[in-house]
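Good morning, everyone, and thank you for making time for this. Please have a look at the sequence and the model on the screen, and then I will take you through what was computed from it.

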Amino acid sequence: MSNGFSASTPGRRKTFPRRVRLLRHSDFERVYKQGRRHFATHLTVFYLTRAEGDGMRVGFTVGRVLGGAVDRNRIKRRLRSAVRLHWPELAPSVDVVVNPKKSALRADFSELGKEISRAFEVMANAAPK
């Protein structure tokens, strides 16, 4: 598939491969300190354009203030799904950190999707051409 996600067999869930994930603590810190922010009702998206790279990398931060482990994991699952569904076809080289608010747990999934989609639009417009 063109968006970086794959399914090993038909009918199987799409995975969230390592190449599209933000994994290192130093990368998260760099995005927080040097990047820009996009505020939405249920989340805040931090993003930083990379000079080189092949597409977008996304990370999620869900702090303990948002609830117990079950709630935090549910928020992460919902956000990963929203990101997968709204992944841009031509993703710019940008590192993204999605930081949800407490309301993301109870928000309608379509609302989360709209907010993620809007954040991706903002990033695409801000990316150098």
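**Helix H3 and its surroundings**

Let me begin with H3, where the buried residues are Leu112, Gly113, Glu115, Ile116, Ala119, Phe120, Val122 and Met123; buried here means under 20% relative accessible area, exposed means over 50%, and partly exposed is in between, with a 1.4 Å probe and protein chains only. Before going further, I should say that this is a predicted model, in which local features need pLDDT of at least 70 and side-chain atom pairs count only at pLDDT 80 or more, while totals for chains, interfaces and linings use all residues. Residues are numbered from 1 along each chain as its sequence is written, and side-chain values use heavy atoms, with hydrogens and water left out.

What do the buried residues of H3 pack against? They pack against strand E1 (36-39), strand E2 (43-49), helix H2 (69-85) and strand E4 (94-100), where a contact means heavy atoms within 4.5 Å. The names refer to DSSP runs numbered from the N terminus, helices being H or I with at least four residues and strands being E with at least two.

As for the length of H3, the expected span of a helix is 1.5 Å times one less than its number of residues. The 18 residues of H3 (residues 109-126) should therefore span 26 Å, and the end C-alpha atoms are indeed 26 Å apart, which agrees.

Turning to the partner helix, the axes of H2 and H3 come within 9 Å and cross at roughly 55 degrees; these axes are lines fitted to C-alpha atoms, for helices over the stretch in contact, and the angles run from 0 to 180 degrees between N-to-C directions. H2 and H3 are therefore oblique to each other, given that angles under 35 degrees count as roughly parallel, over 145 as roughly antiparallel, 65 to 115 as roughly perpendicular, and the rest as oblique. On the H2 side the contact is made by Arg78, Leu79, Ser81, Ala82, Val83 and Leu85, and on the H3 side by Phe109, Leu112, Gly113, Ile116 and Phe120.

Two further residues of H2 deserve a word. Asparagine 73 is found in helix H2 and counts as partly exposed, at 35% relative accessibility; its C-alpha lies 8.3 Å from that of valine 62, the two being 11 residues apart in sequence. Arginine 84 is also found in helix H2 and is partly exposed, with a relative accessible area of 23%, and its C-alpha is 9.1 Å from that of threonine 15, 69 residues apart in sequence.

In strand E1 we have arginine 36, which is exposed, with a relative accessible area of 53%. Leaving aside residues up to four places away in sequence, arginine 36 touches Val45, Phe46, Tyr47 and Ala126. Phenylalanine 39 lies in strand E1 as well, and is exposed at 55% relative accessible area.

Finally, stepping back to the whole protein chain, there are three helices and four strands, which follow the pattern α-β-β-β-α-β-α when read along the sequence. Buried residues make up 43% of its 129 residues, and among contacts with a separation of 6 or more, 77% are between residues 24 or more positions apart.
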